[in-house]
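Got your viewer open? Load the model, pick a cartoon view, and let's walk through it stop by stop.

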Amino acid sequence: MADRLGPKALAAVIAIALGTLGTLTMLPSLSEASASEVYGSSVAIWLNALVVGYVWGILRYGYDALRRDLAVMAPFVRGAVHEPTRLTKRSTFTLVVIGVAMGIALTGDLAPRIVRSEASWLYAWTLIILPVLWPSALLAITAMLMNSVALYRLGRSGLEIDPRNRARLAPLVRIGVRHLAFTLVGLAVIPVQSILTGPLDYWDFVPAVVVTLPAALGMLLAPLVGAHLGIASAKRQELARIEAMDAGSTEQDAMLRFLYRREIERLPEWPVSVSGLMQVAFYFVIPPLAWTAAALVENLLSGLLD
């Protein structure tokens with residue numbers, strides 16, 4: 001069924017199913033909990049469920065978009081046309097185990113405390129959603145990183161590159177920026193919980209930042225560095241070809257060769273324009289802006305309520 005769903009439908013189905021399941025775990029404590037406690041827990045449930053849905057939605061969309069971008073580059077690929085890299089069963093199993101372990105570790109001793117009636121069922125959702133959230137995030141991040149490394153190799157030595165026509169490398173830039181945006185937009189969701197429910201705990205955001213921020217940077221840089229090395233190599237080859245031209249040509253030919261060599265030497269070796277750098281910078285600013293806005297809203301509400 002999941003294979004027949006589009007990215008948006010898949011994200012919605014997963015978020016609704018997980019949010020509903022998490023909400024049902026609160027039922028044993030609804031009669032004795034305050035309205036504020038129920039509200040806070042409900043918001044946390046649905047935000048985390050939405051994040052899980054978002055992760056699987058962008059993973060599906062990312063594979064589809066990556067396939068289209070590779071098709072655009074196919075005419076310039078040396079050898080066999082590349083396909084999106086997918087995780088092996090062993091890698092998937094390993095990441096799921098690690099993710100589930102991380103999710104359970106973040107719940108601490110909540111499970112035994114609930115069993116002993118020392119903790120409320122209002123927070124039992126963490127025992128379900130966090131062990132799903134973390135493996136989902138690890139699978140998506142690893143899949144995007146693997147494809148970024150494959151694109152690095154493709155840009156470095158797998159494409160027929162004309163140093164005067166960097167448009168051929170535009171899909172590599174687009175993929176790197178898209179993966180960066182996927183990850184940083186996901187991080188920007190974290191402050192929403194602070195705005196809606198109050199201050200966040202250290203463990204609510206630090207592990208996510210530590211895991212995702214370096215990965216997002218790697219997803220961006222790998223294709224760009226590969227394209228840079230490919231352009232630099234193509235320039236060296238073209239300059240060597242110019243130097244190997246017949247030295248016995250006319251003075252006019254020598255002047256044209258000199259001007260052409262200067263043109264090649266001055267060509268930029270990075271595939272990113274100034275507007276592209278501004279777009280990348282904007283994506284990096286999204287999480288800090290969201291966290292700053294969350295802090296400002298929290299302080300404003302505290303001042304109004306005091």
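Start by selecting Leu127, which is partly exposed because its relative accessible area is 32% (buried means under 20%, exposed over 50%, and partly exposed in between, with a 1.4 Å probe and protein chains only). Leu127 sits in helix 5; helices here are DSSP runs of H or I with at least four residues, strands are E runs of at least two, and the numbering starts from the N terminus. Show what touches Leu127: leaving out neighbours within four places in sequence, you should find Thr107, Leu110, Ala111 and Ile114 (contact means heavy atoms within 4.5 Å). Now add Val100: 27 residues separate Leu127 from Val100 in sequence, and their C-alpha atoms are 9.9 Å apart in space.

A word on what you're looking at. This is a predicted model, where local features need pLDDT of at least 70, side-chain atom pairs count only at pLDDT 80 or more, and totals for chains, interfaces and linings use all residues. Residues are numbered from 1 along each chain as its sequence is written, and side-chain values use heavy atoms, with hydrogens and water left out.

**Zoom out**

Colour by secondary structure. How many helices and strands does the chain have? There are ten helices and zero strands, so the pattern along the sequence reads α-α-α-α-α-α-α-α-α-α. Of the 306 residues in the chain, 42% are buried. Switch on the surface: the accessible area is about 16,600 Å², with 66% of that belonging to carbon and sulfur atoms (areas come from the Shrake-Rupley method with a 1.4 Å probe, and for residues only the protein chains shown count as cover). Among contacts with a separation of 6 or more, 81% join residues 24 or more positions apart.

**Helices 1 and 2**

Next, select helix 1 (residues 7-24) and helix 2. Two packed helices are described by the angle between their axes and the distance between the axes. Here the axes come within 7 Å and cross at roughly 155 degrees; axes are lines fitted to C-alpha atoms, for helices over the stretch in contact, and angles run from 0 to 180 degrees between N-to-C directions. Helix 1 and helix 2 are therefore roughly antiparallel (over 145 degrees; under 35 is roughly parallel, 65 to 115 roughly perpendicular, and the rest oblique). The crossing is right-handed, meaning that the near helix is turned clockwise from the far one by less than a right angle, while anticlockwise would be left-handed. Residues making this contact include Pro7, Leu10 and Ala11 of helix 1 and Ile45, Trp46 and Ala49 of helix 2.

**Helix 5 and its partners**

Keep helix 2 (residues 35-73) and bring in helix 5 (residues 126-157): they pack at about 20 degrees, with axes 10 Å apart. That angle makes helix 2 roughly parallel to helix 5, and the crossing is left-handed.

Swap helix 2 for helix 6. Helix 5 and helix 6 pack at about 160 degrees, their axes 11 Å apart, which makes helix 5 roughly antiparallel to helix 6. This crossing is left-handed. Which residues meet here? On helix 5, pick Met144, Ser148, Leu151 and Gly155; on helix 6, pick Leu172, Ile175, His179, Phe182 and Thr183.

Stay on His179, in helix 6 (residues 170-187). Is His179 buried or exposed? His179 is buried, with a relative accessible area of 2%. Not counting residues up to four places away in sequence, His179 touches Met144, Ser148 and Met219.

**Three more stops**

Jump to Lys235 in helix 8 (residues 202-243). Lys235 counts as buried because its relative accessibility is 5%. A polar atom of the Lys235 side chain lies 3.4 Å from the backbone oxygen of Ile264. Beyond four places in sequence, Lys235 is in contact with Pro163, Ile264, Glu265, Leu267 and Glu269.

Then find Ala119, in the loop between helix 4 (110-115) and helix 5. Ala119 is buried at 16% relative accessible area. Setting aside neighbours within four places, Ala119 contacts Leu110, Arg113 and Ile114.

Finish at Ser91, in helix 3 (residues 89-106). Ser91 is partly exposed, at 29% relative accessibility. Draw a line from Ser91 to Thr142: they are 51 residues apart in sequence, and 9.4 Å apart from C-alpha to C-alpha.

Key
Polar contact = N/O pair within 3.5 Å; in protein donor to acceptor, adjacent residues only side chain to side chain.
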